[in-house]
Amino acid sequence: MLGNKNWRVLLALLAVVAMLGAACGGDDADTDAGGSEGGDEIEHEEFEEGSTMAKIVEKGEVTIGVKFDVPPFGFENPQSGEVEGFDVDMGKYIAEHLGVEPKFVEAISDNRIPFLQDGTVDIILSTMTITTDREAEIDFAGPYFIANGRILVPEDSDIAGIEDLTGKKVCTAIGSTYESTLKEQAPEADLKTVEAYSDCLTLIQNGQVDAVSTDNVILTGMIIQSGEDFPLKLVGDNLTTEPYGVGLPNKTDDMREFVNGVLQDSFDDGTWQSIYDEWVGQFVEGEPEHPEDFTLDDALKLFPCSEFCDKK
Amino acid sequence: MGDLFAILTRNFDSFSAGFLTTCRLVFVSFAIAMAVGTLIGGLRAAPSKALNRIGAIYVEFFRNIPLLVLIYIVYDGLARGGLRLSAFVAGTLCLGLYTAAYVAESIRSGVFAVGKGQFDAALSLGFTQGETLRKIVLPQAIRTVIPPLGNLTIAMIKNSAILGGSLLAINDLLLNGRLIANNNARYVQTFFWAAVGYLILTGAATIAVRVLEKRLVIKR
C-alpha cells in the first residue's frame, strides 16, 4: 500500500488533472448555442487572417457592452430577462455581418472604456458620445445616432430651462459628457453624479434632486418608466448635440472601417430606419438629425480635446 | 504608468476637496458611532434584562443590514415617505449608526473583561449600579477596548467610500476620483492617489490607537 503521504500527493495530482480537464473541455460545449434565426441573409465576408474581425470570428462570438438600464437603448426586459433596445439591435446587426453570435454584457458610463481597453468587450454600443478625449483612448465608428441634451423635471416643476437650475440639484451619470456641459452652462447648479441613470430616476422621484440632465432619448426612457405614478417632462432648449459612436479598441483601423461599412449598409437597406422607428420614433417628437450626414470629424469638433489628450 | 504625478497636480483641487469631504464624513460618523455605541454598549452591559434586550435589538438590526441597504432606506425610503434628509446627514447617520452597533458589542465585551471583583467591590462600597459602571468599570473597560475600536474606525473609514459611490452622490475622495478618472481616461493613476488619501486616514487612525494604548496601558 502507498504510505499516507503518497496518497495525498496522488489525490492532489488527480485534482489538478480534473481541473485542467474541466477547463480544456469547456470550449467545445458552449459555442453555437442555437443557430442564427431566419437563415443567413447577410453574406459575411471571409476576413483577412490576423485582422481584428478574424480574431472575433475565431472566438465564436462578439462581446458587446450595452446599457442594461437605459430604455430605449439598452435595458433588461424584466419579463424575459433579455436585454433589448436600439443599441442591442444595432449590435445584433453588426454581429450578423461578422457571422457570429452577439453576447451582451452590461457597460455603464463609468466602466465601458476600461472594458474595451482590457478586452472584456469587443464593441461598445452604450449611448456613448463621440469626444476627442475618448477618441484618444479608443476608436470610434459612426456616428450611428444623434441625440440632444435636455433637462428632465417633475411635471409640476417651475424649472423651464437651464437658467432656472441655479441653486438646484441636478443629477447625471459619472463618466458622461454632462458633468462638464453642466459645469459650463449652469455653474451655479448643485451637481449630483451617480453610477447609473436608474439612480437619477430614483432621486428625481423621491425629490432628492430637482432635475436630471442627459440625452433626450435617455430622458424619454425615464419618462416612460416613471409613467403615471411620477409624471416627468422635458424642458428647455437643446443643450448639446450628442453624436453616439460605436466604441472599438484603440488603433484597430480595420475594425473601424468594417463597422463603418456595416453602419452604411444599415442606412442603405432600411435597417437603421426600422430600428429607429421601433425604439425611438414613437417616443421622440420631431425628426432628429440623421447620422448619415454626420461625419466622425464633425462629431469630434463638437467635443474638442480638453485635458489629457495624447495626439498619438 | 504615465502621467502619475501630472494627474495629481492637474486635479489637485478636486482630490483635496474630496479628501476633505471624506474627513468630514469620517469625523461626524465617528462621533455618532462613539456616542451611540457607548450608550448601546452600556445598555448591553447593564444588569437589567430589559435594557439588555433593547440594546440587543439595536445591535441585531444594524449588524445584519448591509450599509448600502441602510442608505437606500434612509435616503430613498424616507424621502418617498416625506422626510428628505440631505445627502451628508443621511450618509453620516447611516455610517455612524451602523458602526455604532459594532462599537456597542466591543464595549460590551470590554466591560465583561473587567473582573467581576470590581463590580462586587464597588457595590459593597456603596456605589450605585450606574456609578459603578461610569466611574469604576467603564474606565477600565476602555483600555481593553481601544484596539478593537481602532479596527472599527479603520473599517469605518473604508466604508465611507461606499457613501460616495452610492445614491448619495457625496463628492468624497472616491467619487471625485471616479470623475477625474473618467474625464482624463487615466484610471490606474487616479485610483492610486485616491488609495493614498484613504491610507493617510487609516494610517492616522492606526497611530492614534498606538498612542492611546501606550498612554493607558497598565504597567505589568
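Chain A of this predicted model is divided into two domains: domain 1 covers 52–146 + 243–302, and domain 2 covers 148–235. Domain 1 of chain A is thus written as two stretches of sequence, while domain 2 of chain A is written as one. The C-alpha centres of domain 1 and domain 2 of chain A are 24 Å apart. Where these two domains touch, domain 1 of chain A contributes 15 residues and domain 2 of chain A contributes 18 residues. On the domain 1 side of this contact in chain A there are nine nonpolar, four polar and two charged residues.

Some totals describe chain A as a whole. Chain A has 312 residues, and 43% of them are buried. Its secondary structure consists of 11 helices and 12 strands. Of the contacts in chain A with a separation of 6 or more, 73% join residues that are 24 or more positions apart.

Chain A also meets chain B. In this contact, 20 residues of chain A face 19 residues of chain B. Which helices of chain B each supply at least two residues of the side that touches chain A? They are helix 4 (67–80) and helix 8 (173–184) of chain B. Helix 8 of chain B gives the largest share of that side, six residues.

The table sets out the make-up of two contact sides.

| Side | Nonpolar | Polar | Charged |
|---|---|---|---|
| Domain 1 of chain A, touching domain 2 of chain A | nine residues | four residues | two residues |
| Chain B, touching chain A | eight residues | four residues | seven residues |

Definitions and conventions:
Residues numbered from 1 in each chain as written. Chains lettered and ligands numbered in written order. Predicted model: local features only at pLDDT ≥ 70, side-chain atom pairs only at ≥ 80, totals over all residues. Helix = DSSP H or I, 4+ residues; strand = E, 2+ residues; numbered from the N terminus. Buried ≥ 20, exposed ≤ 12 C-beta atoms within 10 Å, placed from the backbone. Contact = placed C-beta atoms within 7 Å. Domains from an automatic or database assignment. Nonpolar A, V, L, I, M, F, W, Y, C, P; charged D, E, K, R; others polar.
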